[in-house]
Amino acid sequence: MQIATWNINGVKARIDAASAWLKEARPDVACLQEIKSVDEAFPRSVFEDLGYNVATHGQKGFNGVAILSLRPMEDIRPRLPGDDADEQARYLEAVITGDRGIVRVGCLYLPNGNPVDSEKYPYKLAWMDRLIAHAKDRLALEEPFVLAGDYNIIPQARDAARPEDWVNDALFLQTSRDKFRELAAIGLTDSLRALDDSDGVYTFWDYQAGAWQKNNGIRIDHLMLSPQATDRLMSVRVDKHVRGGEKPSDHVPVVIELDV
DNA sequence: ATGCCTTGTCGCACAAGA
């Protein structure tokens, strides 16, 4: 089963690019972030016509996540537990049954956190604490579990073309990276690093200042795996060419293959 | 040091992103 994550930066603006990639890659599951759409306005039929079941957790104007799946989804749950007052649509979970068992997929859009001297940074850290708590609960189920999304975290200096540009940024601050390391410490494996130790692997290139042309990228989109999912990990790839396409998102898809 | 670009909301520019 191929499972992908992709921050599409607006579903309405990305209908053509998303359709083209889904036709080409045909992932079994695609976790989308920043749909920037309410549920009622999400162009479901575009994806249903491509054979996908659609689950959304949207919000007006900003944020919003969706899961597309060729197979039926069960136990669909929006919202990250731990703060009923949190209005931001950043988490959606579903269970999908493959030929050799189930996989639980969490689709997340972790807060950016900039500027770091604003309320946005403590919100990011608190959201990460809730994610760690939720991941612990899910790990206790001992299922194949994939936590896929835009983490807005550069894990290490080698995950940025110009790490010196990011030292005071919420994506690379030590406090942010330490919280990401906690996810690994409780038992989640970074699927890309499990199979690919090379430098220069990026998933985001800013629209500004010719970042794509200069390959000034960062790796912030991750698929983190429970031990039961890691045991089934066959491959991982970044579909970098998508960034050079027509009217692209500033992120590209990351795709894993699990033997489930 | 800041903006560089892109998106969505309705706006007659602005917030937010990373």
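A residue is counted as near a molecule or strand if its C-beta atom, placed from the backbone, lies within 6 Å of it. By that criterion, 23 residues surround DNA strand B, and the closest are Gly10, Lys12, Gly61, Asn112 and Ala209. The surface near DNA strand B divides into 8 nonpolar, 8 polar and 7 charged residues; here Ala, Val, Leu, Ile, Met, Phe, Trp, Tyr, Cys and Pro count as nonpolar, Asp, Glu, Lys and Arg as charged, and the others, Gly among them, as polar.

I should state that this is a predicted model, in which local features need pLDDT of at least 70 and side-chain atom pairs count only at pLDDT 80 or more, while totals for chains, interfaces and linings use all residues. Residues are numbered from 1 along each chain as its sequence is written, and chains are lettered from A and ligands numbered from 1 in the order in which they are written.

Let me turn to the fold. Chain A has 6 helices and 14 strands, taken as DSSP runs numbered from the N terminus (helices H or I, at least four residues; strands E, at least two). An open sheet of 6 strands follows the order β5-β6-β7-β8-β12-β9, with mixed pairing; strands pair if DSSP finds at least two bridges between them. Strands β5 (73–78) and β9 (189–190) stand at the edges with a single partner strand each, so one side of each has no neighbour in the sheet. At one edge, 4 bridges join β5 to the antiparallel strand β6 (residues 91–98), with Pro78 opposite Leu92.

How many residues of β12 (residues 221–225) are buried? The count is 5 of the 5, so this strand is largely enclosed by the rest of the structure. Buried means that 20 or more other C-beta atoms lie within 10 Å of the residue's own. Asp221, Leu223 and Leu225 cover one side of β12, and His222 and Met224 the other. Strand β12 pairs antiparallel with β8 (residues 145–150) over 5 bridges and with β9 over 2 bridges. Leu225 is the bridge partner of Val146 and also of Thr189.

Finally, the interior. The largest nonpolar core (buried Ala, Val, Leu, Ile, Met, Phe, Trp, Tyr and Cys residues joined through C-beta atoms within 7 Å) has 68 residues, of which Ile3, Val29, Ile67, Val105 and Val146 touch the most other members. Strand β7 (residues 101–109) gives the largest share, 5 residues.

How values were computed:
A residue is buried if 20 or more other C-beta atoms lie within 10 Å of its own, exposed if 12 or fewer, and partly exposed in between; C-beta atoms are placed from the backbone.
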